[in-house]
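User: I'm new to protein structures and would love a close look at one part. Could you walk me through how the aromatic rings are arranged here?

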Amino acid sequence: MNWLGLLLSTGRLPSNSGEHKGDNKNAKFEHQMAPLRNLACGARIVVILMFLFVVASLVSALVHEKSKRILNMKQQEKYANALVLPAMMDQAKHYWSQAKEGLQLRRLSSKESKLDAEAADRYFEAQLPHFKKSMQGYPLHSHFANIQLPSKISFHDMIKARGELLVRQLEENGWEDFKIEKDKCAMFQFLKYNGLPHVDWLEIYRGFNDLESVLPKIRKQLLDQKDFPMFIKSCHITTGAAKSVRKVASRQEVEENWGTLSEWAQNMWSYRSNDWERIWAKPFNILCGALKPGFMVQHPWKVGRQEFPEEIKVEVIWGRAYLAFVSTGKCGGDTIILRDGSVTRYTDSLMQNVLHQGKPDPCYRWIVDEGHLPRVWFMAESAARLMGIDAIRIDVFVLKGDPMASVINEDSLSSGAEYRWHFQHMADLWAMGHREKGYKAVDPGVDSHMWWRGRDHYSMAVASCNQTLIAKSASSEICK
């Protein structure tokens, strides 16, 4: 029976009694089958409710997406808070999509969903010994060691618990480890001063009392450049929907459209990230509200490249990469790549997306076949270990045809990516390390974003000058 038939059926099971409904034997059979009919009917009601919830969530998401084209971020938040429903629906949609209950309902919804879920279970079992080994003696920054595990372990609950830990530490000790992601400029300084391959930047502008003293400096620096496009990034905003990164296509754009660029900068200067669609909104909004505004001027990545870069988001837990999630590229996003070499897509149809029915994705197969992953895994894992963090997402640019080109673009403490059947497994691994406490707590005397070892550290001490793992510039400048 297909899903539509399941929704429309009454839940009545077939009977062998024929036309003799008054027969005692048939009456007894009907009586015995009544609990099963009720169970089947109840299951169908649950499926119908889930379907209606998904439809309502999709409508809410469409309204929200449409609003982005009409309203700025402040207006969007005002409308969401005023109506209440969008925030409630979006939070519920995101939360139950990754919770055990939501995953179990999807597992029961179709044969394809069940098979895909079982494949994820087998992957977890195969990876578990490697992660247990990685947990032992892991150099965890002491500021991440005292998380209060939630009563219910899910990936989003763990993110919320970590946010609450960071808020307590900020308020009680003045520790600012949240800046390893929430302050984009602090993150790029960490990458640079540990020598990790990253997209280079020219200047960071912060510590100014007003924007008017910053804008002339940014304008002059852009006009002095030869290679375009250039990028202006807001240090204090990590919310993707906020459009906090501005591409500057040419020197001509600076000269002729500086008023438009200035207006964008003014909007960003006063804006603060707001994760109102997520259950961790409260703690992380407090942290983002503590940031001072600033901007960074950044070089383009690989001037003159012919290929469109793909960005893959790597979830690293206890120093080991669990999976990669393709977020942007020529073929769209929402593809999951595992360490076993599988490449799975979930967005070819609405039902495939809603019910988590994965299909092989030939479009991004080149990421595996061209040998990009060994370098990507190593860079992401090295960055997480240098931060001394229990779990983090490291985002990496990869370029088709050049496995040596990959660099780190950014990271995330509160990933909103859709990891499908892997959500619960990753949450369990994250919590397991804190329960078993096999890690080695390290206190370097500074917050994690300030834990700098030197610009040659990654190339020499971590990658041992392995040419396949280091930045190309490091080959000639450091590893001579």
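Analyst: Let's go through the aromatic pairs, then a cluster, and then two charged side chains that sit over rings.

Keep in mind that this is a predicted model. Searching the whole structure turns up 15 aromatic pairs. Take Tyr138 and Trp318 to begin with: their ring centres are 5.8 Å apart and their planes meet at 90°, so this pair is edge-to-face. An angle over 60 degrees is what earns that label. Tyr138 sits in the loop between α6 (111-135) and β1 (139-141), while Trp318 sits in the loop between β6 (310-317) and β7 (320-328), so the pair ties together parts that are 180 residues apart in sequence. Tyr138 is buried, with a relative accessible area of 1%, and Trp318 is buried too, at 0%.

Now look at Phe325 and Tyr419. Their ring centres are 5.8 Å apart with planes at 85°, so this pair is also edge-to-face. Phe325 belongs to strand β7 and Tyr419 to the loop between β12 (402-412) and α17 (423-436), so parts 94 residues apart in sequence are tied together by this pair. Phe325 counts as buried at 7% relative accessibility, and Tyr419 counts as buried at 0%. Both rings also belong to one aromatic cluster, made up of Phe155, Phe325, Tyr419, Phe423 and Trp430.

Finally, rings can have a charged neighbour over the face. Lys192 lies over the face of Trp201, 4.3 Å from the ring centre. Arg453 is placed over the face of Trp451, at 3.9 Å from the ring centre.

Notes
Residues numbered from 1 in each chain as written. Predicted model: local features only at pLDDT ≥ 70, side-chain atom pairs only at ≥ 80, totals over all residues. Heavy atoms only, no water. Phe/Tyr/Trp six-rings, centres within 6.5 Å; stacked < 30°, edge-to-face > 60°. Helix = DSSP H or I, 4+ residues; strand = E, 2+ residues; numbered from the N terminus. Buried < 20%, exposed > 50% of the residue type's maximum accessible area, 1.4 Å probe, protein only. Lys NZ or Arg CZ within 6 Å of the ring centre and 35° of its normal.
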